[in-house]
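Let's take a walk through one helix and the packing around it. Have the structure open and follow along.

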Amino acid sequence: MPNISIFSGDFSNGSSVVKELLDRTGCSFVTDNNLVARAEKLSGMSESSIESAFLTKTSVFNKFTREKERAMAYLKLAMAEMLSGQNQLMSGYLAHLAPHSITHILRVCLIGDLKFRVSVAKREQGLSEKEAVKLITSVDNERSCWVKSTGGATDPWDPKMYDLVIPMHQTSVTEAAVLIEEYLKGDILKPTAASLQAVEDNLLKARAAVALINEGHDVEVEACKGVVTVTVNKQVLMLSRLVDEIRGIVSKEQEVISVEVKIGKNYHQTNVYRKFDFDAPTKVLVIDDEREFAKTLSERLILRDMGSAVAHDGETALKLIADDAPEVLVLDLKMPGIDGIEVLRRVKETNPSIEVIILTGHGSATDRDTCLKLGAFDYLHKPVDIELLSRKLKEAKEKIHQSKSS
């Protein structure tokens with residue numbers, strides 16, 4: 001039996017349709033959670049890091065860590081491996097990770113009109129009409145961003161993306177399940193040589209993309225019958241060296257016959273190609289109320305391939321820490337509002353794995369003792385030698401790595 005992918009709007013009876021369809025077809029059930037677990041196992045990344053690919057919000061550190069892009073690459077690899085099987089019902093965000101070149105997948109969208117979805121939300125969650133509309137608008141926006149990020153339309157319910165769109169305000173759960181089951185019997189969904197080849201091409205593409213992003217390369221990848229094409233969209237000073245490196249990485253993958261590297265349409269824009277160094281500290285948060293100093297220090301760290309963001313007070317810093325989980329803090333002590341010692345205390349209570357380097361121009365011996373007892377990694381004075389600070393940041397990163405390994 002062909003595979004089925006179902007993408008549904010919240011409060012459109014999607015889960016009920018899926019349950020009845022599973023009973024009718026005997027398909028194995030694949031969910032977003034299954035995909036995340038598989039990607040987590042393949043990558044060694046944390047579950048929360050993998051799930052970041054689904055989020056509309058992007059971390060302030062992502063331009064340095066490329067964590068969201070790495071998570072997406074591993075989700076696509078996990079999906080590509082799953083697509084090697086048949087008789088699967090895939091429901092959730094993952095429905096949009098299957099390329100349309102694979103034709104033995106029935107792509108279904110389940111969506112009700114707003115009036116119907118509001119009534120379901122009110123009944124299921126006890127919401128007022130205003131609350132229901134607000135919630136539906138919010139989740140639809142998340143789905144819109146996800147579909148757009150996977151190369152689809154801005155409208156997540158655009159019928160061009162699906163084989164079958166079922167209006168659930170006009171269709172019962174059983175009627176929807178029966179309709180999908182009938183569509184499965186069509187000859188058009190039988191696996192063809194071209195469709196099976198597309199499965200193999202998608203798997204090779206996903207493996208090559210993961211290999212490249214793990215080496216810090218930000219490129220586009222395609223594959224066709226063993227030929228992998230890599231597109232570079234940013235200018236690079238030594239293109240021939242980059243081409244050789246890319247070919248060396250991709251050619252190690254099984255089933256690769258040849259590797260072609262080409263220049264993309266955006267290559268001649270002002271962006272400059274930057275290979276990412278995942279061994280360097282890529283999530284450093286500089287916290288200092290001296291704005292010019294913090295900005296300059298952050299820029300100097302970035303020039304040394306260390307990803308750095310800035311906060312100018314303790315309250316903002318704590319929010320960034322909660323949202324974006326930096327690896328290392330460079331923390332001033334004397335700040336208005338929540339001071340550095342209190343930030344250190346709270347961070348070590350809630351996120352003890354975050355290393356904190358105190359950098360102050362006004363600290364005392366007592367402050368130093370207090371900070372070290374609270375768990376600060378080191379205590380430095382302004383003005384600081386940038387090479388010394390860089391070395392301390394790398395040592396902090398190494399401590400984090402060793403802690404994770406053990």
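How far apart should the ends of helix H7 (residues 129-149) be, and what does the model show? This is a predicted model. At 1.5 Å a residue, the 21 residues of H7 should span 30 Å, and the end C-alpha atoms are indeed 30 Å apart, so the two values agree.

Now look at which side chains point where. Ala132, Ile136, Val139, Asp140, Arg143, Ser144, Trp146 and Val147 of H7 are buried. Viewed down the helix axis, these buried residues fall within an arc of 160 degrees, so they line one face of H7. Lys130, Lys134 and Lys148 sit on the other side and are exposed. Just past the helix comes glycine 151, with a positive phi near 95 degrees.

The buried residues of H7 pack against these elements:

| Element | Residues |
|---|---|
| strand S1 | 3-8 |
| helix H5 | 67-82 |
| helix H6 | 114-125 |

On to the cores. The largest nonpolar core has 41 residues, and those touching the most other members are Phe7, Leu35, Ile50, Leu75, Met79 and Trp146. Two or more residues each come from helix H2 (32-43), H5, strand S4 (105-111), H7 and helix H9 (193-214). H5 gives the largest share, 10 residues. Apart from this core lies another, of 26 residues, including Ile4, Val18, Val120 and Ala176.

For a closer look, pick isoleucine 50: beyond its neighbours within four places in sequence, its contacts are Val36, Ala39, Glu40, Ser43, Met45, Ala71, Tyr74 and Leu75.

Definitions and conventions
Residues are numbered from 1 along each chain as its sequence is written. This is a predicted model: local features need pLDDT of at least 70, side-chain atom pairs count only at pLDDT 80 or more; totals for chains, interfaces and linings use all residues. Side-chain values use heavy atoms; hydrogens and water are left out. Helices (H or I, at least four residues) and strands (E, at least two) are DSSP runs, numbered from the N terminus. The expected span of a helix is 1.5 Å times one less than its number of residues. Buried means under 20% relative accessible area, exposed over 50%, partly exposed in between (1.4 Å probe, protein chains only). The arc is that of the directions from the helix axis to the C-beta atoms. Contact means heavy atoms within 4.5 Å. A nonpolar core is a set of buried Ala, Val, Leu, Ile, Met, Phe, Trp, Tyr and Cys residues joined through side-chain atoms within 4.5 Å.
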